[in-house]
Structure formats: C-alpha cells, structure tokens
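Work through these exercises with the model open. Try each task before you read its solution.

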Amino acid sequence: MTIKEIKELLNNGVSEEEFAALKNDPRSGVQKLLTSYKRKQELLLKKKEQFLSRFQYERRFWGKGQLVAGVDEVGRGPLAGPVVTAAVIIDENFDLIDVNDSKKLSPKRRLELYPKILEKAVSVGIGIKNAQVIDEINIYEADRLAMAEAVKDLDRKPDALLVDAMDVPIAIPQIKLIKGDAKSNSIGAASIVAKVFRDKLMDDYDALYPQYKFSKNAGYGTKDHLDALNKFGPTPIHRKSFEPIKSMLN
C-alpha cells in the first residue's frame, strides 16, 4: 500500500489487527501516520469519556423513567438586545459528543451543532425577555422569567430541571449547578441553543441599526458600540437601566 492509501485507510478507521500489521511497516512516513492516528484516537476516547461523565445528573432521572430538562441563558451582560434562555430535554440516545459549554466552542461549531441538537433532542423550548422588561424588573428577574418561559415552551413537561446557577420560578423540582453548562450535557445543549438563537436575533437587529455593529458585538459594550451610542444615542433595544445609557438619558 502507498502512504496515501494508508492515510485514507486510517481516516476511515482500522481494526486493532490492521493497526498492528501497519506497525511492522518500516517506512518513516507510515510510522508518523500511525503516531498521529493513535494520538487522535486517544483524544477522541478522552472526549467520549468526558461526554459520558456529563450525563451523571441526567442518569438520576432516566433511571426512574423521568424526563429532565437542562436550562441555560445568554445575554445578561450586553447593553442592547434581549436575554434569551433555552430548555432542552435529551435522552440516553443523545450522542453529540461535541456538545459542551457554548463558550468553549467556536461560532462555527455552535452553528453546526444547533440543528443537530434540535433534531436529536426530545424537546426544545425558548424564552425571551426584551430590554423593556429588563429595565422594568432588572436583568436577574428577567432572566428567571425567561427561563420559566423556556420550560413552559417545551412540548413535554419535564419531571425535573438542571439549571446553570439559577432558580427558575416554576413548580418543578430543580438542581442548581455552578458552571452547569460544563457539567451537564442537557445544560450544555441549552447553552448552545440559546447562544445561536440570540446571535441570530442580534444579526437581525444589525440590519435595522447597522451603525451599532450588533452582528459583531452581540450588544456588548465594545468600542465601536460605545462610539455609536455617543454619536447616535440609544435605540429601542438598548437597556436604559444599564450604564452608560442610563446616564445618557438623565
């Protein structure tokens, strides 16, 4: 076999017997391919082990035949746009091993995973609270209400919730997890759904208010965003209770 053929074989996966036979090949190029292949397999195995470990909380409920939803949010810190939450129910057949805390994933990978999560999940719900609600009741309470809205948006009622460091104002048993999106695949999936959904909203707002560059900053207070605020003032989607907008209006 040529080195090119061996590379294609390794890309498609080989048995232990095939790998052992290739180890006897004296060509240095083949040995480099085998070293690279083994390293990738070890990393993949570690990723799978970590993925399976992030089912530890879900298994408590699956073992009792119960549904559990992971709940997460995005958008507490921006100066503009809504806070968006997602609730996601998955089951033991969920096999998207790249699902993790959305902050650990590239925008490209989040976009790739988003439709797959929607396809593989038992149910997905979305909650949104806009800038007006945030200004009326504060960001924390708006966040909680949006989480409750996401849970109510599910087409299957969960028996319990796994929530990333929050308590949801809804009469369902809950487990609050600090940095839960890195500890639970349900919460990790919810973090990705919420992030991609909100980013798309901010892209749409960018078309309405292009001077603020919302598609690049997602409403956060970047230099370009602050410069536009000083020049043009706040839009209807800006949070008037947040600084520096609050001072601008006084």
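**Exercise 1. Place A165. Is it buried, partly exposed or exposed, and what sign has its phi?**

Step 1. Take the accessibility of A165. It is 35% in relative terms, so A165 counts as partly exposed. Buried means under 20% relative accessible area, exposed means over 50%, and partly exposed lies in between (1.4 Å probe, protein chains only).

Step 2. Find the element. A165 sits in the loop between β4 (160-164) and β5 (174-177). Helices (H or I, at least four residues) and strands (E, at least two) are DSSP runs, numbered from the N terminus.

Step 3. Read the backbone. A165 has a positive phi of about 60°, although it is not a glycine. Most residues other than glycine have a negative phi, and most peptide bonds are trans.

A note on the source: this is a predicted model, in which local features need pLDDT of at least 70, side-chain atom pairs count only at pLDDT 80 or more, and totals for chains, interfaces and linings use all residues. Residues are numbered from 1 along each chain as its sequence is written, and side-chain values use heavy atoms, with hydrogens and water left out.

**Exercise 2. Describe A218 and the peptide bond from E243 to P244.**

Step 1. Check phi of A218. The value is near 55°, which is positive in a residue other than glycine.

Step 2. Locate A218. Its loop runs between α9 (214-217) and α10.

Step 3. Check burial. A218 has a relative accessible area of 11% and is buried.

Step 4. Turn to the peptide bond. From E243 to P244 it is cis, with omega near 5°. P244 belongs to the loop between α10 (223-232) and α11 (245-248).

**Exercise 3. Which residues does A80 contact?**

Step 1. Locate A80. It is in the loop between β1 and β2.

Step 2. Read its accessibility. The relative accessible area of A80 is 0%, so this residue is buried.

Step 3. List the contacts (heavy atoms within 4.5 Å). Neighbours within four places in sequence are left aside; A80 then touches R198, M202, F214, A218, G219, H225, I237, H238 and R239. A218 from Exercise 2 is among them.

Step 4. Compare sequence and space for one partner. A80 and M202 are 122 residues apart in sequence, and their C-alpha atoms are 9.0 Å apart.

**Exercise 4. Trace the pairing of β1, β2, β3 and β4.**

Step 1. Start with β1 (residues 68-74). Seven of its seven residues are buried, so the strand is largely enclosed by the rest of the structure.

Step 2. Sort the side chains of β1. V68, G70, D72 and V74 point one way, while A69, V71 and E73 point the other way. In a regular strand the side chains alternate between the two faces of the sheet.

Step 3. Find the partners of β1. Two strands pair if DSSP finds at least two bridges between them. β1 and β4 run parallel, with four bridges, and V68 stands opposite A160 in β4. β1 and β2 run antiparallel, with six bridges. There, T85 of β2 is the bridge partner of E73.

Step 4. Move on to β3. Seven bridges join β2 (residues 83-89) to β3, and the two run antiparallel. A87 faces G125 in β3.

Step 5. Check the burial of β3 (residues 123-129). Five of its seven residues are buried, so this strand too is largely enclosed.

**Exercise 5. Where is I128, and how far is it from V83?**

Step 1. I128 lies in β3. Its relative accessible area is 32%, so I128 is partly exposed.

Step 2. I128 and V83 are 45 residues apart in sequence and 5.9 Å apart in space, C-alpha to C-alpha.

Step 3. Beyond its neighbours within four places, the contacts of I128 include P82, V83, A146 and F197.

**Exercise 6. What surrounds D101?**

Step 1. D101 is in the loop between β2 and α5 (107-120). With 7% relative accessibility, it counts as buried.

Step 2. Apart from neighbours within four places in sequence, D101 contacts D181, A182, G188 and S191.

**Exercise 7. What are the totals for the chain?**

Step 1. Count elements. The chain has 11 helices and five strands.

Step 2. Check burial. Of the 250 residues, 45% count as buried.
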